[in-house]
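Colleague: May I go through a few details of this chain with you? Please show me the sequence and the structure before we begin.
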Amino acid sequence: MSIAVLKEALPGYAKDTKLNLGSVTTTSSMTQQQLWGTLVASAYTTKQPTVLREIVEEASQHLSAEALEAAKAAASIMAMNNIYYRAKHLIGDAAYESLPARLRMQVIGKPGVDKADFELWCEAVSAITGCGVCLESHEKTLVKGGMSRENIHDALRVAAVVNAAAVTLNAEEVLKA
């Protein structure tokens, strides 16, 4: 089970996605932990069974148990935060901005890995779910903390390609049903 198996599962018309999946996993400016954590957080966010299974299985060979859990935690916490902050923004009433979230988010303060890596994974999740508020917030935190824009860009590329693989495989599964 691996990225190679995931690539083989993609149909012929998704050749670009297949090639991009190979490219983003082998030519990244990110560290191995950043790359594989981004892959895991993105896979969790897509919820696509084949994508999730193949990526997590291979990632477990590249990540410590703590990093794997932190990548999963990034997907989990951002599943909540992306909905909450995007909704507050889309309502368009400034009165909501002053209201406290009153949602537990302790994992952001103590993720169990380097905070920059966790923020990068949150950025990738936010790209998939389309929360502009969270994208902007995490990007500013990353840049302020010294993360290169190239690393951030690579995380966005990974998220986009993982999402494309998930959309493709979900569509194929629907057609086969």
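Colleague: How many disulfides does the count come to?

Modeller: This is a predicted model, and the count comes to 0 disulfides.

Colleague: Which cysteine sulfur is nearest to that of cysteine 122, and how far away is it?

Modeller: The nearest is the sulfur of cysteine 134, 8.6 Å away, and cysteine 122 is in no disulfide. A disulfide requires the two sulfur atoms to be within 2.5 Å.

Colleague: Is cysteine 122 buried or exposed?

Modeller: Cysteine 122 is buried, since its relative accessible area is 1%.

Colleague: And what is the nearest cysteine sulfur to cysteine 131?

Modeller: For cysteine 131 the nearest is again that of cysteine 134, at 3.3 Å, and cysteine 131 is in no disulfide. Cysteine 131 is also buried, with a relative accessible area of 0%.

Colleague: Turning to the aromatic rings, how many aromatic pairs are there?

Modeller: The count is 1 aromatic pair. It is formed by tyrosine 84 and tyrosine 85, whose rings are edge-to-face, with 4.8 Å from centre to centre and 80 degrees between the planes.

Colleague: What is the relative accessible area of tyrosine 85?

Modeller: The value for tyrosine 85 is 26%, so this residue is partly exposed.

Colleague: A different topic: where does glutamate 57 lie?

Modeller: Glutamate 57 belongs to helix α4, which covers residues 49–59. Its relative accessible area of 36% makes glutamate 57 partly exposed.

Colleague: How many residues apart in sequence are glutamate 57 and isoleucine 3, and what is the C-alpha to C-alpha distance?

Modeller: Glutamate 57 and isoleucine 3 are 54 residues apart in sequence, while their C-alpha atoms are 9.2 Å apart in space.

Terms used: Residues numbered from 1 in each chain as written. Predicted model: local features only at pLDDT ≥ 70, side-chain atom pairs only at ≥ 80, totals over all residues. Heavy atoms only, no water. Buried < 20%, exposed > 50% of the residue type's maximum accessible area, 1.4 Å probe, protein only. Helix = DSSP H or I, 4+ residues; strand = E, 2+ residues; numbered from the N terminus. Phe/Tyr/Trp six-rings, centres within 6.5 Å; stacked < 30°, edge-to-face > 60°.
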